[in-house]
Amino acid sequence: MTEAASYTPPRVWQWDQESGGRFANINRPIAGATHEADLPVGKHALQLYSLATPNGVKVTVLLEELLELGIAEAEYDAYLINIGEGEQFGSGFVAINPNSKIPALADHSTSPPTRVFESAAIMVYLAEKFGAFLPTEPSARAECFSWLFWQMGSAPYLGGGFGHFYAYAPEKIEYPINRYAMEVKRQLDVLERNLAQRQFLCGDDYTIADMANYGWYGALVLHNIYEAAEFLDVASYAQVTRWAKAIEARPAVQRGRRVNRPWGPEETRVRERHGPEDFK
């Protein structure tokens with residue numbers, strides 16, 4: 001192992017604004033709004049404020065899947081929140097999500113509007129509201145929740161751990177890269193073993209657990225996030241790849257991946273969505 005410079009933590013930690021790597025301009029050790037900014041409100045009951053990151057894609061995929069079922073009440077307005085520019089710290093967004101993370105949802109079909117933040121909470125809220133993609137039989141429901149919250153607990157090791165130290169940190173440090181690479185590969189093996197026995201994560205039925213895990217692990221095996229596909233040997237996880245390809249082939253998933261995407265060729269993105277006419 002390459003020897004790294006020794007670090008002795010101080011008695012009291014102090015914020016070093018220059019040490020945060022790629023996201024130093026938006027990361028900070030306190031919560032709350034940094035500026036006044038009202039959120040726009042469109043014509044539909046469901047108002048989504050998000051970005052097409054793995055966490056954001058989970059919710060837009062679910063909404064598009066609900067619309068694919070013909071549930072007109074799932075129509076929504078989607079507004080892009082550019083987290084690189086600090087828009088998540090605007091007062092309007094913080095009022096919906098005090099944690100200042102995307103995605104955030106406001107449901108104006110209730111009075112006052114219902115706010116929902118954290119991607120899994122939004123997915124459960126929508127699945128229960130519209131009675132789809134979440135089993136009702138107790139054992140199947142528990143299995144679905146288990147895989148949904150497995151993703152919520154596991155993905156920080158992939159994104160905030162491996163992704164940060166492998167792709168975004170100011171310098172490459174062997175120990176954290178090895179530590180988090182080992183954990184990400186363990187997670188892929190968990191999925192691989194489960195999917196060797198099942199079509200989808202919970203069995204024969206496609207659920208919100210698949211959508212949530214696809215947002216992270218589908219992107220990892222199919223789209224080379226962090227430019228780490230070769231490093232992690234993602235092609236060796238054949239069942240995860242098979243599962244991810246099957247999900248990505250769904251028309252609703254293809255639409256959901258485009259919503260609130262400000263990057264890439266124009267034909268692959270829908271910066272803000274206010275109806276099906278936004279998909280060309």
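**Group meeting: a four-stranded sheet and some backbone outliers**

His-44 touches Glu-75, Tyr-76, Asp-77, His-274 and Gly-275, leaving aside residues up to four places away in sequence; contact here means heavy atoms within 4.5 Å. This is a predicted model, in which local features need pLDDT of at least 70 and side-chain atom pairs count only at pLDDT 80 or more, while totals for chains, interfaces and linings use all residues. Residues are numbered from 1 along each chain as its sequence is written, and side-chain values use heavy atoms, with hydrogens and water left out.

Back to His-44. The residue sits in the segment before strand 1. Is His-44 buried or exposed? His-44 is buried, at a relative accessible area of 19%; buried means under 20%, exposed over 50%, and partly exposed in between, with a 1.4 Å probe and protein chains only.

Now the sheet. Four strands make an open sheet in the order 2-1-3-4, with mixed pairing. Strands (E, at least two residues) and helices (H or I, at least four) are DSSP runs numbered from the N terminus, and two strands pair if DSSP finds at least two bridges between them. The edges are strand 2 (76–80) and strand 4 (114–117), each of which pairs on one side only. On average, neighbouring strands of this sheet are turned by 20° against each other, direction ignored; axes are lines fitted to C-alpha atoms, for helices over the stretch in contact, and angles run from 0 to 180 degrees between N-to-C directions.

Strand 3 (residues 104–107) and strand 4 run antiparallel and are joined by four bridges. Asp-107 stands opposite Thr-114 in strand 4. Helix 1 (residues 54–68) packs on the sheet and touches strand 1 (46–50) and strand 2, its direction making about 150° with that of strand 1. Helix 3 (residues 119–130) also packs on the sheet, touching strand 1, strand 3 and strand 4, at about 130° to the direction of strand 4.

Next, the backbone. Most residues other than glycine have a negative phi, and most peptide bonds are trans. Ile-102 and Pro-103 are joined by a cis peptide bond, omega about 0°, and Pro-103 lies in the loop between helix 2 (91–96) and strand 3. The bond from Ser-111 to Pro-112 is also cis, with omega near 0°; Pro-112 is in the loop between strand 3 and strand 4.

Tyr-226, not a glycine, has a positive phi of about 65°. Tyr-226 is in the loop between helix 6 (208–223) and helix 7 (229–232) and is buried, at 16% relative accessible area.
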